[in-house]
Amino acid sequence: LFALSNFTHFICYCLLFLCGPIMSSVNMANVIVPAVGGLVGLWAASKVVPVMYHWDLIPGVGSPAYWERAKKIRYDYYSEGIVYSPYDTGDPIKELPAESVGKMYLRQKGGGWKLQSEM
């Protein structure tokens, strides 16, 4: 931040020296502040956009890691069961964990809900 402040002061002094006789100080501030803001915005974008690209945060744009992983997706699991886990380990879990057996909450034909273990 200190270096950015010195750079900003340097630009302001250069513009004042070159354009001082032509523009008043208020008009100079109206020119300098947006220019410095634009430079700071470009600098911030140059730091943030590459991270967004690699984390797949830009809609419609996939990183090379995304496309490499997408090639490994198998779309023939629609007839077999997949147990969704919060972490993508690369190989989907196909067996229901023992602590989850009989815990499915089922809707009844006549209305209402029951646990699978109660049926």
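W67 counts as partly exposed in this predicted model, because its relative accessibility is 49%, which falls between the 20% limit for buried residues and the 50% limit for exposed ones. Y66 is likewise assigned to the partly exposed class on the basis of a relative accessibility of 40%. These two residues form an aromatic pair, with ring centres 5.0 Å apart. Their planes meet at 80 degrees, so the pair is edge-to-face, the class reserved for angles over 60 degrees. A pair of aromatic rings is described by the distance of the centres and the angle of the planes.

The structure holds two aromatic pairs. Besides the pair of Y66 and W67, one is formed by Y105 and W113. In this case the centre-to-centre distance is 5.6 Å and the planes are inclined by 10 degrees, an arrangement classed as stacked. The angle lies within the range for stacking because that class takes in planes under 30 degrees apart. Y105 counts as exposed, because its relative accessibility of 53% is over the 50% cut-off.

The protein chain comprises three helices and two strands. Read from the N terminus, the order of these elements is α-α-α-β-β. Of the 119 residues in the chain, 7% count as buried. The accessible surface of the chain amounts to about 10,400 Å², of which carbon and sulfur atoms contribute 66%. Among contacts with a separation of 6 or more, 6% are made by residues 24 or more positions apart.

Confidence varies along the model. The mean pLDDT of the chain is 78, and 75% of the residues reach a score of at least 70. Helix α1 has the lowest confidence, with a mean of 68, whereas α3 has the highest, at 87.

The first helix, α1, spans residues 2-19 and includes T8. With a relative accessible area of 21%, T8 is partly exposed; the value places T8 outside the buried class because that class requires under 20%. The C-alpha atoms of T8 and V36 are separated by 7.0 Å, although the two residues are 28 positions apart along the chain.

A nonpolar patch on the surface, about 440 Å² in area, is made by F7, F10, L39 and L42. Two elements, α1 and α2, each give two or more residues to this patch. L42 belongs to helix α2 and counts as exposed, because its relative accessibility is 60%.

The loop between α2 (25-54) and α3 (64-70) contains S63, and D56 is found in this loop as well. S63 counts as buried because its relative accessibility is 1%. Leaving aside neighbours within four places in sequence, S63 is in contact with Y53, H54 and D56. D56, in turn, is partly exposed, with a relative accessible area of 34%. The backbone of D56 shows a positive phi of about 55 degrees, although the residue is not a glycine.

Note on methods
Residues are numbered from 1 along each chain as its sequence is written. This is a predicted model: local features need pLDDT of at least 70, side-chain atom pairs count only at pLDDT 80 or more; totals for chains, interfaces and linings use all residues. Side-chain values use heavy atoms; hydrogens and water are left out. Rings of Phe, Tyr and Trp (its six-membered ring) pair if their centres lie within 6.5 Å; planes under 30 degrees apart count as stacked, over 60 as edge-to-face and the rest as tilted. Buried means under 20% relative accessible area, exposed over 50%, partly exposed in between (1.4 Å probe, protein chains only). Helices (H or I, at least four residues) and strands (E, at least two) are DSSP runs, numbered from the N terminus. Contact means heavy atoms within 4.5 Å. Patches are made of residues with over 30% relative accessible area and no salt bridge: like charges are joined within 9 Å, nonpolar side chains (Val, Leu, Ile, Met, Phe, Trp, Tyr) within 5 Å. Accessible areas come from the Shrake-Rupley method with a 1.4 Å probe; for residues, only the protein chains shown count as cover. A salt bridge is a side-chain nitrogen of Lys or Arg within 4 Å of a carboxyl oxygen of Asp or Glu. pLDDT is the predictor's confidence in each residue, from 0 to 100.
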